[in-house]
Amino acid sequence: MTTILGLSGSLRRASFNTGLLRAAADTAPDHVTIEIGSIREVPLYDGDLEATHGLPAAVQQLQKQLGAADGLLLVTPEYNNGIPGVFKNALDWMSRGPGLDLFAGMPVAVIGASPGGFGTILAQDHWLPVLRTLRTRPWFEGRLMVSRAGSLFDENGDLTDDKTREALAGFIAGFAASL
Ligand SMILES: Cc1cc2nc3c(=O)[nH]c(=O)nc-3n(C[C@H](O)[C@H](O)[C@H](O)COP(=O)(O)O)c2cc1C
């Protein structure tokens, strides 16, 4: 069994990106489990908080999930042509304590959805220096940028478009096969 930790960078109830992550979990091959982690309870990074209380429980949970995973899937929204702050904040926390060792050599794939025409291409590129700094092993053999998401997801953020689902299934199968 191959396990991939999937993280969405949006807290929005009907998030396109969280919906894309759910669809990824649904379409994963039989021998692949995408475990959906949550960044919701991760506080804003504060070095004083870390010094006095250590890593927050939500961060420890994410690190535990990362440690048990064969790969990491980041499903990123794009804000102002970059990584949303809440998502970067979660990864920053996850890199603390034992985190750097967990990220080192970890295969990572990045996908994303946007209502605009460029499908998070700039946010995906923005992740690259972070993934390099964390000494991960980014997976570059597939690309998935979901544009015009408003017409591909329903009001609950569930993916309704078959072509996107097919492309997503191919992406996940390719990533999983590389693990
Ligand atoms: C502060 C902010 C900045 C944004 N900037 C971009 C952007 O640069 N490019 C883009 O494609 N969409 C941008 N958007 C629109 C988001 O793609 C859209 O809100 C999307 O639904 C967010 O992902 P989610 O549905 O997973 O929450 C921005 C949204 C916000 C709130």
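Begin by selecting helix 4 in this predicted model. Within helix 4, the buried residues are Phe87, Asn89, Ala90, Leu91, Trp93 and Met94. Extend the selection to the elements against which these buried residues pack: strand 1 (2-8), helix 2 (47-53), helix 3 (57-67), strand 3, helix 5 (99-103) and helix 6.

**Aromatic pairs**

Keep tryptophan 93 displayed and add tyrosine 45. How many aromatic pairs does the model contain? The count comes to five. Tyrosine 45 and tryptophan 93 form one such pair, with an edge-to-face arrangement, a centre-to-centre distance of 4.7 Å and 65 degrees between the planes. The two partners are 48 residues apart: tryptophan 93 belongs to helix 4, whereas tyrosine 45 is located in the loop between strand 2 (32-36) and helix 2. Tryptophan 93 has a relative accessibility of 0% and therefore counts as buried. Tyrosine 45, with a relative accessible area of 35%, is partly exposed.

Next, select tryptophan 139 and phenylalanine 171. Their ring centres are 5.1 Å apart and their planes stand at 90 degrees, so this pair is edge-to-face. Tryptophan 139 is found in the loop between strand 5 (137-138) and strand 6 (145-146), and phenylalanine 171 in helix 7 (residues 162-177), so the pair ties together parts that lie 32 residues apart in sequence. Both tryptophan 139 and phenylalanine 171 are buried. Add Phe175 to the view: ring pairs link Trp139, Phe171 and Phe175 into a cluster.

**The ligand and its surroundings**

Now centre the view on the ligand. Which residues lie around the ligand? They are Ser10, Arg12, Ser15, Phe16, Asn17, Pro77, Glu78, Tyr79, Asn80, Asn81, Ser114 and Pro115. By type, this shell comprises four nonpolar, six polar and two charged residues.

Three distances to the ligand merit display. An oxygen atom of the ligand lies 2.9 Å from a backbone N or O atom of phenylalanine 16. For asparagine 17, a polar side-chain atom is 2.8 Å from an oxygen atom of the ligand. At asparagine 80, a polar backbone atom is 2.8 Å from a nitrogen atom of the ligand. Taken alone, the ligand exposes 610 Å², of which the protein buries 69%.

Select serine 10, one of the residues around the ligand. Serine 10 is situated in the loop between strand 1 and helix 1 (16-27). Is serine 10 buried or exposed? Its relative accessibility is 12%, and serine 10 therefore counts as buried. The side chains of serine 10 and serine 15 are joined by a polar contact of 3.4 Å. With neighbours within four places in sequence left aside, serine 10 is in contact with Ser15, Thr18 and Pro77.

**Two residues with positive phi**

Return to asparagine 80, in the loop between strand 3 (71-75) and helix 4 (85-94). Although asparagine 80 is not a glycine, its phi is positive, at about 45 degrees. Most residues other than glycine have a negative phi. Asparagine 80 has a relative accessibility of 82%, and therefore counts as exposed; the cover considered here is that of the protein chains only.

Finally, select threonine 120, in the loop between strand 4 (107-113) and helix 6 (121-133). Threonine 120 is not a glycine either, and has a positive phi of about 75 degrees. Where asparagine 80 is exposed, threonine 120 is buried, with a relative accessible area of 1%.

How values were computed: Residues numbered from 1 in each chain as written. Predicted model: local features only at pLDDT ≥ 70, side-chain atom pairs only at ≥ 80, totals over all residues. Heavy atoms only, no water. Near = heavy atom within 4 Å. Polar contact = N/O pair within 3.5 Å; in protein donor to acceptor, adjacent residues only side chain to side chain. Areas by Shrake-Rupley, 256 points an atom, 1.4 Å probe, with all protein chains shown as cover. Nonpolar A, V, L, I, M, F, W, Y, C, P; charged D, E, K, R; others polar. Helix = DSSP H or I, 4+ residues; strand = E, 2+ residues; numbered from the N terminus. Buried < 20%, exposed > 50% of the residue type's maximum accessible area, 1.4 Å probe, protein only. Contact = heavy atoms within 4.5 Å. Phe/Tyr/Trp six-rings, centres within 6.5 Å; stacked < 30°, edge-to-face > 60°.
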